[in-house]
Amino acid sequence: MPRILTKCPQTARTVPTVLRMREAAFEALSGSHAFRCPACNDIHHWEKGDAWLEGSPVVAAGAVGAPGAAVAA
Ligand SMILES: [Zn+2]
């Protein structure tokens, strides 16, 4: 099952959250979720608009470098 990835606001690095889920479950996700960031060891909150599934095309777009571009609506 793919991990959910998000971007650390402190370091701008892509970091894995503690969650893993299928794409269908991720699409149905709502609300805010907290995790301890492995990059800066702080607690961050993320929502679906801030995160993406490991291996999804969004990862490639994010790697090109568009800070905050993944935050949609
Ligand atoms: Zn962080």
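User: What makes E2, E1 and E5 a sheet, and in which order do the strands stand?

Analyst: In this predicted model, the three strands form an open sheet in the order E2-E1-E5, paired antiparallel. Two strands count as paired if DSSP finds at least two bridges between them. E1 and E2 have four bridges, so that pair meets the cut-off of at least two.

User: Why are E2 and E5 said to stand at the edges?

Analyst: Each of them has a single partner strand, so one side of E2 and one side of E5 are left without a neighbour in the sheet. Neighbouring strands here are turned by 35° against each other on average, direction ignored.

User: Which residues in E2 are the bridge partners of Thr6 and Leu5?

Analyst: Thr6 has Val15 as its bridge partner, and Leu5 has Pro16. The two strands also form a hairpin, with six residues between them.

User: What is notable about Ala12 in that turn?

Analyst: Ala12 has a positive phi of about 60° although it is not a glycine. Most residues other than glycine have a negative phi. Ala12 lies in the loop between E1 and E2.

User: Why is Ala12 called exposed?

Analyst: Ala12 has 11 C-beta neighbours inside 10 Å. A residue is exposed if that count is 12 or fewer, so Ala12 counts as exposed.

User: How do you know that E3 and E4 pair?

Analyst: Strand E3 (residues 33–36) and E4 share four bridges in the antiparallel sense. The definition asks for at least two bridges, so they count as a pair. In this pairing, Phe35 stands opposite His44 of E4.

User: What lies between E3 and E4, and which residue in the turn has a positive phi?

Analyst: Six residues lie between these two hairpin strands, and Asn41 in the turn has the positive phi. Its value is near 65°, in a residue other than glycine. Asn41 is found in the loop between E3 and E4.

User: Is Asn41 buried or exposed, and what makes it so?

Analyst: Asn41 has 8 other C-beta atoms within 10 Å. With the cut-off for exposed at 12 or fewer, Asn41 is therefore exposed.

User: Why is Arg36 called exposed?

Analyst: Arg36 has 12 other C-beta atoms within 10 Å. Exposed means 12 or fewer, so a count of 12 still qualifies and Arg36 is exposed. The place of Arg36 is in strand E3.

User: With which residues is Arg36 in contact, leaving aside its neighbours within four places in sequence?

Analyst: Those contacts are with Asn41 and Ile43. A contact means C-beta atoms within 7 Å. Arg36 and Thr17 are 19 residues apart in sequence, with their C-alpha atoms 7.7 Å apart in space.

User: Where is Arg22 found, and what makes it exposed?

Analyst: Arg22 is found in the loop between strand E2 (14–20) and helix H1 (23–27). It has 11 other C-beta atoms within 10 Å, and the limit is 12 or fewer, so Arg22 is exposed. Arg22 and Met1 are 21 residues apart in sequence, but 6.1 Å apart in space, C-alpha to C-alpha.

User: Which residues make up the largest nonpolar core, and what makes them a core?

Analyst: The six residues are Ile4, Leu5, Trp46, Ala51, Trp52 and Leu53. A nonpolar core is a set of buried residues of nonpolar types joined through C-beta atoms within 7 Å, where buried means 20 or more other C-beta atoms within 10 Å. Strands E1 (3–7) and E5 (51–53) each give two or more residues to this core. The largest share, three residues, comes from E5. Over the whole protein, buried residues make up 14% of the 73 residues.

User: How do you know which parts of the model have low confidence?

Analyst: The pLDDT values tell us, on a scale from 0 to 100. The protein averages 85, and 78% of the residues score at least 70. Among its elements, helix H2 (residues 57–64) has the lowest mean pLDDT, 52, and strand E4 (residues 43–46) the highest, 97. Over residues 60–67 pLDDT stays under 50, and the model has four contacts beyond four places in sequence for that stretch.

User: What pattern does the protein follow along the sequence?

Analyst: Its pattern is β-β-α-β-β-β-α, with two helices and five strands. Among contacts between residues at least 6 apart in sequence, 41% join residues at least 24 apart.

Methods
Residues numbered from 1 in each chain as written. Predicted model: local features only at pLDDT ≥ 70, side-chain atom pairs only at ≥ 80, totals over all residues. pLDDT = per-residue confidence, 0-100. Contact = placed C-beta atoms within 7 Å. Axes fitted to C-alpha atoms, helices over the stretch in contact; angles between N-to-C directions.
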